[in-house]
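Colleague: Could you take a close look at one part of this model with me, the barrel and what packs around it? I'd love one connected account rather than a list.

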Amino acid sequence: MFDTLIHKLKNDTYITLETTPGHSATFTPTIDKIETLGLADLVDGFSTTDNPLAKLKYNALFAAKLLQDRFHKPVIATMSMRDRNKIALQSDLLGANEFDIRAILALTGDPATISDQPNTKGVFEADSSLLLDIIAALNSGMDYAAKPFSVAPKHIHPFAVVNSYAKNPKTLQKKMQKKIKHGAIGIITQPVYDIENAKQLLELLDNANKECCRENKNAELILGVFPITKLRTAQFLASHVPGINVPPCWIDKLREANKKGIQEEYKVGFELSKKLFEALKELHPKIHLMTANQFQIAKDILV
């Protein structure tokens, strides 16, 4: 299962779909929606998020297990440095490993100060590079303290993230190089809304891989896609989310459509998003689709 995913990442077309567990004691209704829409047949795998924006949600590792059991497709489970120290990170990885949760997206995590849980404190022993190093240690058959395991874990496939935009592109290349050096095999970008932006990211990744070639390490770039169907979403991403660049022409077109009503706004936003998806797929067919669990939009984009 994972060998097929990694082969597609390196040699073929590749698409994964993000799922966000809810503020609930059950994840099954989300899986049922995916099954009803037949989305498992349209993607190579899934991902599960880990308490994004520091808001309490269902556990990403358990959600990944349920998805894999239902669809027999690999799931990339997100793990954040915000909520766990080295002991907890390794313990969770070991437990997940026996249940074949073996693709991990390493995140530093959103600040605990924005959590919906009172007086929450972040752990943040380090950034996501530490988690990548922990995975490398486990893949060598020992824990982070270099103590060999009585039974070694099955191989874990590490993924990382990077912003899709920066005023100084060299900062993105440095971040890519750091994640590659710490073992990431796939780097997922924040949502991309412009083909030229995507081309620049591919060039930066190529340069980063060249810098790391002496260490025999390289990674594949996975372009993030988040369809926009509302003006306020475009405005929020453009104004309040660092590392994402929404072109002014998108906002202008959505503003004009918004004046004509909700249906026109949705139609224009979807058409922009669908056209972008097709163009990105032609440029670099390695995509991570994010729809905030709006799975009908995901299906309409994919078919």
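**A walk around the barrel**

Modeller: With a relative accessibility of 22%, D100 counts as partly exposed, because buried would require under 20%. Happy to take you round from there, and please keep in mind that this is a predicted model. D100 forms a salt bridge with R102, and their closest N and O atoms are 2.6 Å apart. R102, in contrast to its partner, is buried, at 13% relative accessible area.

Now to the barrel itself. Eight strands close into a barrel in the order β1-β2-β3-β4-β5-β6-β7-β8, and the pairing is parallel. On average, neighbouring strands of this sheet are turned by 30° against each other, direction ignored. The closure between the two ends of that order is made by β1 and β8 (residues 286–289), which run parallel and are joined by four bridges. If you want a place to look, Y14 has K286 of β8 as its bridge partner. Helix α11 packs on the sheet here, touching both β1 and β8, and its direction makes about 170° with that of β1.

Next, β3 is a good strand to linger on. Six of its six residues are buried, so β3 is largely enclosed by the rest of the structure. In a regular strand, side chains alternate between the two faces of the sheet. You can follow this in β3, where V75, A77 and M79 point one way while I76, T78 and S80 point the other, all of them buried. On one side, β3 pairs in the parallel sense with β2 over three bridges, and A77 is the bridge partner of T48. The connection between these strands is a right-handed β-α-β unit made of β2, α3 and β3. Pairing with β4 is also in the parallel sense, over five bridges, and there A77 stands opposite I104. To get from β3 to β4 the chain passes through α4, and this β-α-β crossover is right-handed too.

Then there are the charged side chains. Side chains of opposite charge can pair when their charged atoms come close. The count for the model comes to 18 salt bridges, and a few of them are worth a visit. D50 and R84 meet at 3.0 Å, N to O. D50 sits in the loop between β2 and α3, and R84 in the loop between β3 (75–80) and α4 (86–98), so this pair ties together parts that are 34 residues apart in sequence. D50 counts as buried, at 8% relative accessibility, and R84 counts as buried at 8% as well.

K86 and E125 also meet in a salt bridge, at 3.0 Å, N to O. K86 belongs to helix α4 and E125 to the loop between β4 (103–107) and α5 (128–139), so distant parts of the chain, 39 residues apart, are linked. In this pair K86 is partly exposed at 30% relative accessibility, and E125 is partly exposed at 39%. Elsewhere, K8, D12 and D44 are linked in a network of salt bridges.

Now for the helices that cover the strands, starting with α2 (residues 28–36), where T30, I31 and I34 are buried. Viewed down the axis of α2, its buried residues fall within an arc of 100°, so they line one face of the helix. K33 and T36, on the other side of α2, are exposed. The cover over the buried residues includes β1 (14–19), β2 (45–48), α3 (60–71) and α11. After α2 comes G38, with a positive phi near 70°.

That brings us back to α11 (residues 295–302), which holds I301. At 0% relative accessibility, I301 counts as buried. Leaving aside neighbours within four places in sequence, I301 is in contact with P227, F270, S273, K274, F277, E278 and L289. P227 is 74 residues away from I301 along the chain, yet their C-alpha atoms are separated by 8.4 Å. So if you rotate the model to I301, you can pick out the helix that touches both β1 and β8.

Conventions: Residues are numbered from 1 along each chain as its sequence is written. This is a predicted model: local features need pLDDT of at least 70, side-chain atom pairs count only at pLDDT 80 or more; totals for chains, interfaces and linings use all residues. Side-chain values use heavy atoms; hydrogens and water are left out. Buried means under 20% relative accessible area, exposed over 50%, partly exposed in between (1.4 Å probe, protein chains only). Contact means heavy atoms within 4.5 Å. The arc is that of the directions from the helix axis to the C-beta atoms. A salt bridge is a side-chain nitrogen of Lys or Arg within 4 Å of a carboxyl oxygen of Asp or Glu. Two strands pair if DSSP finds at least two bridges between them. A crossover is right-handed if, with the strands pointing away from the viewer, the path from the first strand over the helix to the second runs clockwise. Axes are lines fitted to C-alpha atoms, for helices over the stretch in contact, and angles run from 0 to 180 degrees between N-to-C directions.
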